[in-house]
2 protein chains.
Amino acid sequence: MVKLRDVAYKAGVSTATVSRVLNNDTSVSIETRKKVEKVIQSLNYIPSRTAQRLRHQQKKSNIIGIVIPDIQNPFYIDVLQGIEDTAYDNEYAVLASNFSQNEKREKLYLDILKSESVDGLIAAPLDEHDETIIELVKRGLPIVCVDRGMNDIDVDAVVVDNFKGAYDATKLLIDLGHKHIGFISGLIRIPTSRQRLDGYKQALQDYGIDYDETLVKFSDSKRDSGQQLTIELLQMKNPPTALFTGNNLLTLGAFESIHQLNLNIPNDIAIVGFDDMYWANSLNPPLTAVSQPGYEIGRRAAEMLFQRIENNDRPTVHVVLKTKLVIRRSCGS
Amino acid sequence: MVKLRDVAYKAGVSTATVSRVLNNDTSVSIETRKKVEKVIQSLNYIPSRTAQRLRHQQKKSNIIGIVIPDIQNPFYIDVLQGIEDTAYDNEYAVLASNFSQNEKREKLYLDILKSESVDGLIAAPLDEHDETIIELVKRGLPIVCVDRGMNDIDVDAVVVDNFKGAYDATKLLIDLGHKHIGFISGLIRIPTSRQRLDGYKQALQDYGIDYDETLVKFSDSKRDSGQQLTIELLQMKNPPTALFTGNNLLTLGAFESIHQLNLNIPNDIAIVGFDDMYWANSLNPPLTAVSQPGYEIGRRAAEMLFQRIENNDRPTVHVVLKTKLVIRRSCGS
DNA sequence: AATTATAATGTAAACAATTTCATTTATTTT
DNA sequence: AAAATAAATGAAATTGTTTACATTATAATT
C-alpha cells in the first residue's frame, strides 16, 4: 500500500506539500506540483479515504445506505430508483443491500452500513419493533423508514395506505359479484401484510360476507409461495372464484400456476393483485392491480433523509401516500 | 462526540484498558471490565469505525461491491441474487450500486466503492476499454467482470455467448419463414450489443437474407426505447414480420407497444427476446426467449472473486456460459 | 541597504482507535 | 525470604491524512 509519505519521500518534498497538491491548494509552485503529480502517477498512489475521514471527521461521506427486503420484488426496485435519482440530484451516492426477507441478513447489513459511515439510512424494517433500527435511531443515525413504519420509536416514515388499497381491491371483486374471495398474504409479522389483511376483512364485513379463514393463505411473499398457495386454493373442494394477491411476486406466482393448470383468468378465477407492474398490460390477461407509487415513495424518503441529515432535530414526519386501483382485465367485468 | 479517551478518563483507566474491554481481551479483570462497561453505557459511547479501520487496515472488510448497469433489468437482478447468495455463504456482504447506464454515475460508484475499502468488486464494464476498471485492476483491487469482458487488460470475466444466442434466435425466426426480421439493439458501444448484432447478421447471411439496416434500431436498452422503436418499426412502409429484441426491457417495451396498437403476437408480428423472465409464461403470449443463466453468472463471478481475494496472482479466467433458446408462443409455430 | 510583505515549503500536532512493550502488583515456587 | 512466574494495567508508538504554525527564500518597499 503506497502512502502519502512514500510520495513525499520520492518527490523529495514534505507530506504537507503532497497533501496540498492533492487538495489543489494554490500555494504550491507549478514545478513542485508537476513533480509531485508525476510521482503520484508513477506510484499509482490513492489517498486513503479512511485516514482522510478520520482527519476531518465532520466531513460527510455523501453516501446513504438502503436496506431492501427483497430485490426480486419490482416494487422495491421502483423505490430504489426513486431514491437513487433523488440522491444523485443531491450529490449523494446510494449503497444498496438486500436481505431477502431474512432477519439475520438484515441485521448484518444494517451493522455494515452503519459502520461504513453512511450519512443516513433508508430502511424497510422487519416489523414495527425492529430492534436494530431502534438502536440505530437511538444512536442518532439519520433514518427514514419506507413501506413500513415503526411503533416503539419516533422515526420518519413514508408508507402507503395499505388498508384502503386492500379494501378497494376486495370491494371491486365483491362488486363484480364474487363472494368467495381467496387472499394470499405475506408474512403476518410484516405490518403491510396485516394492514392488507385488515382491509380485506373489513370489505368482506361491510358487504355482509363471512370471513372464511380457509380462503386466506400466509406466505413469505415470494413467487414460489404464490405458485404453491394458488394451487392449494384452487384444489379446495369449494375453491374461490376470485383471488386477491398480497404483492407483486405472489401475483406472478399465481398467474404462473393458473396458466399451468390451463385455467382462464378471469373466467375460472378473477385476480386483483397488490402492486402494479409496468408490464401489467402485457400479461395474460392484463392485470388489475392496486398500484403503489414506488418511485414517489423513494423520492420522498430520500428528500426527507437529506433534510434529516442537515438537521437531525426536526420533528419526525409520517407520509402516507395513496394507492390507486388500476382496473384492467384480470378481474373480469 | 464521546471518544475512547473520555471513557478512559471517567473510568480512571488507560485507553489501552478500555480498548481491551471493547475487544473482549481476556487479560482485564472482571471488576475493571464492569467499571468500564458501565461508563461506556453511561456515556453512550460508540467506537469510531473510521479510527478502527485506519488502525488495522490490513484486515479484510468482508464486503464486496457490485456495480450494476441497470437495476430495472431483471437479468441483473438475477445476477445480483446469485452473487448475494454465494457471498452470504462465504461470509461476505454485498454492497450494490446502480449506475443506470450512465457513465458518470458508473465512475462515481466505482470510486466510492474502492475507497470504501471493499475487498473486491464485481462490475459490468461500460465497454471493453472502460478506463475506470482498468485503473482499479492496475491498482490491484480484485475484480471480476460480468456480462461484459475487457480487451485492454487481463481480468477475470463471466459472460455468455451472445453471438450464439442471437444467432439461434434469428435462425429460429428464419426457420419459421420470416425474411423481414427487425432487431432492436442496445447501445452499440456495449460489447454485448455488438455481439448480438453480429449473431443476428450472421444468421441472416447464412440463410441468404440480405441485411437491411433500416430494420435495425439502436437504443439505450431501456423500456421506453423498446416501446418507441417498436412503433417506428411497425410504422414502416414495409414493416418487419418478426422482431428480435436485444434485452429484457426492450422486449417488455415492444410487448407494450404491440398491445397498444392492438396487434397480435405472433400473427401480426412474431417476437423472440434476448433474456428470459420468470414470468415469461404469463405474458400474452408466452415469450420465446434466449435465456441467460443470470443467477449462475452471479454465482460463478462471486466464487471467482473470493478466490482472487485470497490470491490475486492466480491467472485470469474467462468463463463463457451458454444461452438457451426457450421456445414458447410469441414466435408462432 | 535595511525593512517589510509575499510566496513556498516544512514541522509537528491533531484525528480515534489498537497494540507492543514495559511496568507494577499479586501469586507461586524454591 | 528470595526468586520466578503470572496477571493486570499503562505509556507511547502507530495507522494515513490534514492543517496551524513556523520557517525560509524571494520580491517589493522604504
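Student: How many residues does each chain put into the contact between chains A and B?
Tutor: The contact takes 42 residues from chain A and 42 residues from chain B. Keep in mind that this is a predicted model.

Student: Which elements of chain B supply at least two residues each to the side that touches chain A?
Tutor: Those elements are α4, α5 (74-89), β2 (93-98), α6 (103-115) and α11 (248-260) of chain B. β2(B) gives the most, with six residues.

Student: What is that side made of, by class?
Tutor: The side of chain B that touches chain A has 21 nonpolar, 12 polar and nine charged residues.

Student: Why say the copies meet through the same surface?
Tutor: Because 98% of the interface residues of chain B are also interface residues in chain A.

Student: What turn and shift lay chain B on chain A?
Tutor: A turn of 179 degrees and a shift of 0.4 Å along the axis, with an RMSD of 0.7 Å. The two copies are thus related as by a two-fold rotation axis.

Student: Switching to DNA. Which residues come nearest to strand C?
Tutor: A:Ala16, B:Lys3, B:Leu4, B:Ala16 and B:Ser19 come nearest, out of 28 residues around DNA strand C.

Student: And which helices supply at least two residues each there?
Tutor: In chain A, α2 (15-22) and α4 (49-55), and in chain B, α2 (15-22) and α4 (49-55). The most comes from α2(B), with five residues.

Student: How does the surface near strand C split by class?
Tutor: Near DNA strand C there are 11 nonpolar, 13 polar and four charged residues.

Student: OK, strand D. Which residues are closest?
Tutor: DNA strand D is surrounded by 29 residues, and the closest are A:Leu4, A:Ala16, A:Ser19, A:Ala51 and B:Ser14. Two or more residues come from each of α1, α2 and α4 of chain A and α2 and α4 of chain B.

Student: Which element gives the most to the surface near strand D?
Tutor: α2(A) does, with five residues. By class, the surface near DNA strand D has 11 nonpolar, 13 polar and five charged residues.

Student: Back to α2(A), then. Which of its residues are buried?
Tutor: A:Thr17, A:Val18 and A:Val21 are buried in α2(A). Seen down the axis of α2(A), the buried residues fall within an arc of 100 degrees, so they line one face of the helix.

Student: Why would residues three or four places apart point the same way?
Tutor: An α-helix has 3.6 residues a turn, so residues at that spacing point the same way.

Student: What covers the buried residues of α2(A)?
Tutor: The cover includes α1 (4-11) and α3 (30-43) of chain A.

Student: What follows α2(A)?
Tutor: A:Asn24 follows α2(A), and its phi is positive, near 55 degrees.

Student: Which other residues have a positive phi without being glycine?
Tutor: Among them are A:Ser221, with a phi of about 65 degrees, and B:Glu91, with a phi near 60 degrees. Most residues other than glycine have a negative phi.

Student: Where is A:Ser221, and is it buried or exposed?
Tutor: A:Ser221 is in the loop between β7 (216-218) and α10 (223-234) of chain A. A:Ser221 is buried, with 25 other C-beta atoms within 10 Å.

Student: And B:Glu91, buried or exposed?
Tutor: B:Glu91 is exposed, with 9 other C-beta atoms within 10 Å. B:Glu91 lies in the loop between α5 and β2 of chain B.

Student: Where are the cis peptide bonds in chain A?
Tutor: One joins A:Ile265 and A:Pro266, with omega about 5 degrees. Another joins A:Asn284 and A:Pro285, with omega about -5 degrees. A:Pro266 lies in the loop between α11 (248-260) and β9 (270-274) of chain A, and A:Pro285 in the loop between β9 and β10 (288-291) of chain A.

Student: Last topic, the cores. Which residues have the most contacts inside the largest nonpolar core?
Tutor: A:Ile122 and B:Ile122 do, in a core of 96 residues.

Student: What is B:Ile122 in contact with, leaving aside its neighbours within four places in sequence?
Tutor: B:Ile122 is in contact with B:Ile64, B:Ile66, B:Ile83, B:Val144, B:Val146, B:Ala301, B:Ala302 and B:Leu305. A second, separate core of 80 residues includes A:Leu204, B:Ala242, B:Ile269 and B:Val272.

Technical notes: Residues are numbered from 1 along each chain as its sequence is written. Chains are lettered from A and ligands numbered from 1 in the order in which they are written. This is a predicted model: local features need pLDDT of at least 70, side-chain atom pairs count only at pLDDT 80 or more; totals for chains, interfaces and linings use all residues. A residue is near a molecule or strand if its C-beta atom, placed from the backbone, lies within 6 Å of it. Helices (H or I, at least four residues) and strands (E, at least two) are DSSP runs, numbered from the N terminus. Ala, Val, Leu, Ile, Met, Phe, Trp, Tyr, Cys and Pro count as nonpolar, Asp, Glu, Lys and Arg as charged, and the others, Gly among them, as polar. Copies are superposed by least squares on the C-alpha atoms of residues with pLDDT of at least 70 in both. Two residues are in contact if their C-beta atoms, placed from the backbone, lie within 7 Å. A residue is buried if 20 or more other C-beta atoms lie within 10 Å of its own, exposed if 12 or fewer, and partly exposed in between; C-beta atoms are placed from the backbone. The arc is that of the directions from the helix axis to the C-beta atoms. A nonpolar core is a set of buried Ala, Val, Leu, Ile, Met, Phe, Trp, Tyr and Cys residues joined through C-beta atoms within 7 Å.
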